[in-house]
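This report describes how one residue and the helix that carries it fit into the fold. The account begins with that residue and widens to the helix pairs and the whole chain.

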Amino acid sequence: EASRTERVVDSHSFEVVFTLAIFANAVLIGVQTNLAALGMEEDHISLYLVNLFFTVLFTAELLTRLRIERRRFFWSSNNVYWNYLDLLVVLCSLLEAVLDL
């Protein structure tokens with residue numbers, strides 16, 4: 001029997017929420033890129049905090065899926081290639097957050 005966490009992570013609603021979060025994060029990246037192109041990339045604390053929010057959100061999602069899938073996450077999941085991509089993106093985001101401190 002699947003745990004409550006597994007049912008939530010496997011739900012359509014969970015996928016929709018994180019798909020919307022990915023799109024919102026893409027918009028944020030676009031705004032940051034536009035500001036940089038216009039030479040207005042000053043220390044925008046609000047952009048930093050929103051970026052940090054997405055980093056924490058995606059890290060929590062990744063850790064939850066790792067906890068549920070365990071070894072399957074890396075070897076036999078239906079989404080194994082997406083899992084590696086998610087891992088790479090989250091690790092890069094964490095590194096960026098640490099370097100921005």
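In this predicted model, T59 has a relative accessible area of 15%, which is under the 20% cut-off, and T59 is therefore buried. The residue belongs to helix 3, which covers residues 45–69. Leaving aside residues up to four places away in sequence, T59 touches V90 and L94.

**Helix 3 against helix 5**

T59 is one of the helix 3 residues that meet helix 5. Helix 5 comprises residues 80–99, and the two helices pack at an angle of about 140 degrees with their axes 10 Å apart. Because angles over 145 degrees would be needed for a roughly antiparallel pair, helix 3 counts as oblique to helix 5. The crossing of helix 3 past helix 5 is left-handed. On the helix 3 side the contact is made by Y48, N51, L52, T55, F58, T59, L62, R65 and E69. Helix 5 contributes N83, D86, L87, V90, S93, L94, E96 and A97. Sorted by class, this contact has eight nonpolar, five polar and four charged residues.

**Helix 2 against helix 3**

Helix 2, residues 12–37, packs with helix 3 at an angle of about 150 degrees, the axes being 11 Å apart. Since this angle is over 145 degrees, helix 2 is roughly antiparallel to helix 3. Here, too, the crossing is left-handed. From helix 2 the contact draws on F14, F18, A21, I22, A24, N25, L28, V31, Q32 and L35, and from helix 3 on L47, V50, N51, F54, L57, F58 and E61. By class it has 13 nonpolar, three polar and one charged residues.

The two packing arrangements are set out below.

| Helix pair | Angle | Axis separation |
|---|---|---|
| Helix 3 and helix 5 | about 140 degrees | 10 Å |
| Helix 2 and helix 3 | about 150 degrees | 11 Å |

**Geometry and burial of the helices**

Helix 3 has 25 residues, for which a span of 36 Å is expected at 1.5 Å a residue; its end C-alpha atoms are 36 Å apart, in agreement with that value. Its buried residues are L47, N51, F54, T55, F58, T59, E61, L62, R65, I68 and E69. These buried residues pack against helix 1, helix 2, helix 4 (72–75) and helix 5. After helix 3 comes R70, with a positive phi near 50 degrees.

Helix 2 has 26 residues and reaches 37 Å from its first C-alpha to its last, close to the expected 38 Å. Buried within helix 2 are F14, F18, A21, N25, L28 and L35. The buried residues of helix 2 pack against helix 1 (4–9) and helix 3. The helix is followed by G39, whose phi is positive and near 70 degrees.

**The protein as a whole**

The secondary structure amounts to five helices and zero strands, in the sequence pattern α-α-α-α-α. Along the principal axes, the C-alpha atoms fill a box of roughly 55 × 25 × 20 Å. Of the 101 residues in the protein, 25% are buried. Among contacts between residues at least 6 apart in sequence, 55% join residues at least 24 apart.

Terms used. Residues numbered from 1 in each chain as written. Predicted model: local features only at pLDDT ≥ 70, side-chain atom pairs only at ≥ 80, totals over all residues. Heavy atoms only, no water. Helix = DSSP H or I, 4+ residues; strand = E, 2+ residues; numbered from the N terminus. Buried < 20%, exposed > 50% of the residue type's maximum accessible area, 1.4 Å probe, protein only. Contact = heavy atoms within 4.5 Å. Axes fitted to C-alpha atoms, helices over the stretch in contact; angles between N-to-C directions. Parallel < 35°, antiparallel > 145°, perpendicular 65-115°, else oblique. Left-handed = near helix turned anticlockwise from the far one by under 90°. Nonpolar A, V, L, I, M, F, W, Y, C, P; charged D, E, K, R; others polar. Expected span 1.5 Å × (residues − 1).
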